[in-house]
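Biologist: Thanks for sitting down with me. Could you take me through the terms as we go?

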Number of protein chains: 2
Amino acid sequence: MEFDLINRIAAQARTRNDVALGIGDDAALLRVPSNRELVACCDTLNVGVHFPHDAQASDIGWKALAVNLSDLAAMGATPAWALLSLTLPEPDAAFVDGLVEGFMQLARKADVALVGGDTTRGPLAVSVTALGFVEPGRALRRDGAKLGDAVFVSGMLGDAAAGLRLWCSGVRDPAARVLFARLHHPVPRSALGMQLASVANAAIDISDGLLADLGHIAERSSVGIELDVAAVPTSAALIAHFDEAARRTMQLAGGDDYELAFTVPPAHIGELRAIADELQVPLTRIGEVVAGSGVRVRDADGRWLESSISGWDHFGKSST
Amino acid sequence: MEFDLINRIAAQARTRNDVALGIGDDAALLRVPSNRELVACCDTLNVGVHFPHDAQASDIGWKALAVNLSDLAAMGATPAWALLSLTLPEPDAAFVDGLVEGFMQLARKADVALVGGDTTRGPLAVSVTALGFVEPGRALRRDGAKLGDAVFVSGMLGDAAAGLRLWCSGVRDPAARVLFARLHHPVPRSALGMQLASVANAAIDISDGLLADLGHIAERSSVGIELDVAAVPTSAALIAHFDEAARRTMQLAGGDDYELAFTVPPAHIGELRAIADELQVPLTRIGEVVAGSGVRVRDADGRWLESSISGWDHFGKSST
């Protein structure tokens, strides 16, 4: 099985000038620029967990690369190469072609070469390793947030979680297609990430949910983060499909948005506005970095919300 | 689940001076020496396919890294870093500890730093990306075999396939432990691969079986390969457990040995002998590179064997 499928994949793969040897040997040979650090990450998508059983092959391929390019974007890295490890229950050529087509669609857009990987038999899973570059010492990390930084997010939050809830309820309404697109076809914020490297103090991509991911920045930076839930950017599609309580859970605890959350010193906010204009990406200030630990959320009336296992419920305490 | 498990894994991980940032961010930051090419490969092991359901956690971890270091060895590369993507049916901390212990045992031996990866929920699978270095232009490739080269293999062949057959038959006889060790705990030929970079014209690691893997060299190098089956190195343990016909199938078509097969110009054979002595690795000449295509095998009487789907049967033709 493996060899034929690898030939099918290789036929669709693209290369770059810095690939000395791509698919077809025991390993790829790659040329990292001498004045750059290598940035490396690996994420796996499993059927029934990270995508539904009836997801389209091309969407699975796109998303498997997208979630990894999102990690590179969160480091401020320029993507370059990817490895694709594909586990299939059977050697279904049409499925593989579709998956690789979706993968390569994003690879072309992001100028990423597919340089290797493997195919194995087993329950459907797609594991991708993405490799990129960053100027030494310039990577965006989780541990760089400073007291007084403003907290920003890109794009709109909660759409992917909304898309998932609708999809799993059997909804296929074209009116929800914006939400389904956010779920199945996330667009990594690569250009934004690269520009943020000179502006932001810390960054992360929103894969597990806003609060969980900002919690990683807070923990690694030894700071607290305070958010205004009313400031969290909300799409018209999300408003059209869910009430405020449902939206709030999706926006705070839903994952899979693959937007960037980052902290910026006040002196850099002007520069950040220029980046938002240049890239035509909505960047919204949603909170600030404070002394302490953890992430706290206040509502429009200034009252703190409290977390619960099922999401984030209004707790009715007065703000202090 | 993911975050706790990542902390467990990170607690066991080792680092290196060339790791600017390891586990715990969106991606790792790594320093490739400026005068080296990066060598990258990725292989996944799935339960019930690449290891039995009752394999020990530490063996699974060891093997998942070993098969990837074997790919780096087949390129003549020096291993440096690895990413580990772990899919688990449930967050079983003891299993993860055991798996990571086996992984790190080999990582220490090979001076490899575990720098990232992810954990996800799904049927047990272990996907590893290994990264290493090679001098530019010095990598061992599949496409470098030349007419007149001698074909060599390291170690003994067929043991892993024999171990698998016994294991799957329910045999747990301590007398077969050498074979089980070859199956569950393969030792990648890293030191040999690095030294071969200056001696061999082409190399591959034996993961799919000797004939299939040499077939890749033949195809990519546009040459034929002729083998003497009687020359294929055979362990005492294999002889003790299987008759000649069974051994032949295992040695020619069985995979998972993770030895190196390589072609060497006659002028370098003296140097090769010195390497074998220095590393105390058996290196056996089993055939030669000829004009034509494909891989042919002759028996001790000089008759050609013919392939069949189930393995390699004696065909009874006279040699020409």
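Modeller: Gladly. Two strands pair if DSSP finds at least two bridges between them, and strands (E, at least two residues) and helices (H or I, at least four) are DSSP runs, numbered from the N terminus. This is a predicted model, where local features need pLDDT of at least 70, side-chain atom pairs count only at pLDDT 80 or more, and totals for chains, interfaces and linings use all residues. Residues are numbered from 1 along each chain as written, chains are lettered from A and ligands numbered from 1 in the order written, and side-chain values use heavy atoms, without hydrogens and water.

Biologist: Why are β3(A) and strand β2 of chain B said to pair?

Modeller: DSSP must find at least two bridges, and these strands have 3, in the antiparallel sense, so they pair. One partnership joins A:Leu38 to B:Leu30 in β2(B).

Biologist: What makes up the contact between chain A and chain B?

Modeller: With contact meaning heavy atoms within 4.5 Å, chain A brings 53 residues and chain B brings 53 residues. The buried area is about 4200 Å², with 54% from carbon and sulfur atoms; that term is the accessible area (1.4 Å probe) that two parts lose on being put together, summed over both. In chain A, A:Asp26, A:Leu29 and A:Leu38 lose the most area to chain B, together 16% of what that side buries.

Biologist: Why is the meeting of A:Glu37 and B:Arg31 called a salt bridge?

Modeller: The rule asks for a side-chain nitrogen of Lys or Arg within 4 Å of a carboxyl oxygen of Asp or Glu. Here N to O is 3.8 Å, so the pair qualifies. The rule finds 6 salt bridges across this interface.

Biologist: What makes A:Arg182 and A:Glu259 a salt bridge?

Modeller: Their closest N and O atoms are 3.1 Å apart, under the limit, so the name fits. A:Arg182 sits in helix α5 and A:Glu259 in the loop between α9 and β10 of chain A, 77 residues apart. Both also belong to a salt-bridge network with A:Asp159, A:Arg189 and A:Asp257.

Biologist: How do you know whether A:Arg182 is buried or exposed?

Modeller: Buried means under 20% relative accessible area, exposed over 50%, and partly exposed in between (1.4 Å probe, protein chains only). A:Arg182 has 16%, so it is buried. A:Glu259, at 4%, is therefore buried too.

Biologist: And what links A:Arg298 with A:Glu226?

Modeller: A salt bridge of 3.2 Å, N to O. A:Arg298 lies in strand β12 and A:Glu226 in strand β9, so the pair ties together parts 72 residues apart in sequence.
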